[in-house]
Amino acid sequence: MNLAGKRVAVLVEQQYQEMEVWYPVYRLREAGCEVVLVGPEAGKTYPSKLGYPAKADASAKDTSADRFHAIVIPGGFAPDYIRRSEPMLKLVRDLSAQGKPVAAICHGPWVLCSTTALKGKKVTCFHSIKDDVTNAGGTYVDQEVVIDGNVITSRTPDDLPAFVVAIIEQMQKG
């Protein structure tokens with residue numbers, strides 16, 4: 001699982017789900033990745049649903065998809081804020097267009113609904129947003145983790161082990 005030299009963006013915004021940010025961050029760092037927390041503003045601290053802080057290393061408007069090998073979109077209520085930020089959406093769209101792994105868990109696929117990344121893809125998500133995923137052109141399935149091309153999705157924090165393994169395996173291929 002040596003991913004030395006690989007860089008991954010993990011999106012942060014207020015009201016993120018704690019485990020869906022920090023579990024991937026630490027597991028990807030263990031695998032050798034440089035992990036960059038990307039938010040709307042660099043240096044700003046974004047509180048989780050329980051108030052746990054995540055300080056953005058970079059702002060979406062000041063970075064580009066060319067800097068990253070993959071992106072992780074956590075759930076919680078953060079996706080509702082992330083999708084309001086055009087620079088955050090542009091980063092996701094650009095990574096997707098480059099065919100790089102775009103991984104979203106729980107409510108994270110909401111962000112993908114605001115792009116074209118789900119069109120024609122088999123995906124999973126938290127059950128309450130399956131209609132949004134379907135309306136965005138995805139085919140919803142209820143599975144622990146789904147990989148369709150460069151899109152990796154999972155349902156809930158319980159799926160995190162399989163989700164991160166899928167991200168690592170996809171990055172090893174690229």
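This briefing walks through the sheet, two of its helices and several salt bridges of the structure above. The model is predicted, so please note its filters: local features need pLDDT of at least 70, side-chain atom pairs count only at pLDDT 80 or more, and totals for chains, interfaces and linings use all residues. Residues are numbered from 1 along each chain as its sequence is written, and side-chain values use heavy atoms, with hydrogens and water left out.

**The sheet**

- Seen strand by strand, the open sheet of 7 strands follows the order β5-β2-β1-β6-β7-β11-β10, with mixed pairing; strands (E, at least two residues) and helices (H or I, at least four) are DSSP runs numbered from the N terminus.
- At its edges are β5 (58-59) and β10, each pairing on one side only; two strands pair if DSSP finds at least two bridges between them.
- β6 and β7 run parallel and are joined by 3 bridges.
- Residue I73 stands opposite A104 in β7.

**Helices on the sheet**

- α1 packs on the sheet and touches β1, β2 (34-39), β6 and β7, where contact means heavy atoms within 4.5 Å.
- The direction of α1 makes about 155° with that of β2; axes are lines fitted to C-alpha atoms, for helices over the stretch in contact, and angles run from 0 to 180 degrees between N-to-C directions.
- α6 lies across β1, β6, β7, β10 and β11, running at about 170° to β11.
- The 14 residues of α6 (residues 160-173) should span 20 Å at 1.5 Å a residue, and the end C-alpha atoms are 20 Å apart, which agrees; the expected span is 1.5 Å times one less than the number of residues.
- Among the buried residues of α6 are L160, F163, I167 and M171; buried means under 20% relative accessible area, exposed over 50% and partly exposed in between (1.4 Å probe, protein chains only).
- The cover over the buried residues of α6 includes α1 (18-30), β1 (7-11) and β6 (70-73).

**Salt bridges**

- The whole structure holds 7 salt bridges, each a side-chain nitrogen of Lys or Arg within 4 Å of a carboxyl oxygen of Asp or Glu.
- E86 and R93 meet at 2.1 Å, N to O; E86 counts as partly exposed because its relative accessibility is 45%.
- K90 and D94 form a salt bridge at 2.6 Å, and both lie in helix α3 (residues 86-97), 4 residues apart, about one turn of the helix.
- R155 bridges to D142, with the closest N and O atoms 2.9 Å apart.
- This pair links distant parts of the chain, with R155 in the loop between β11 and α6 and D142 in the loop between β9 (139-140) and β10.
- D142 is exposed because its relative accessible area is 54%, whereas R155, at 23%, is partly exposed.
- A network of salt bridges links D142, R155 and D159.
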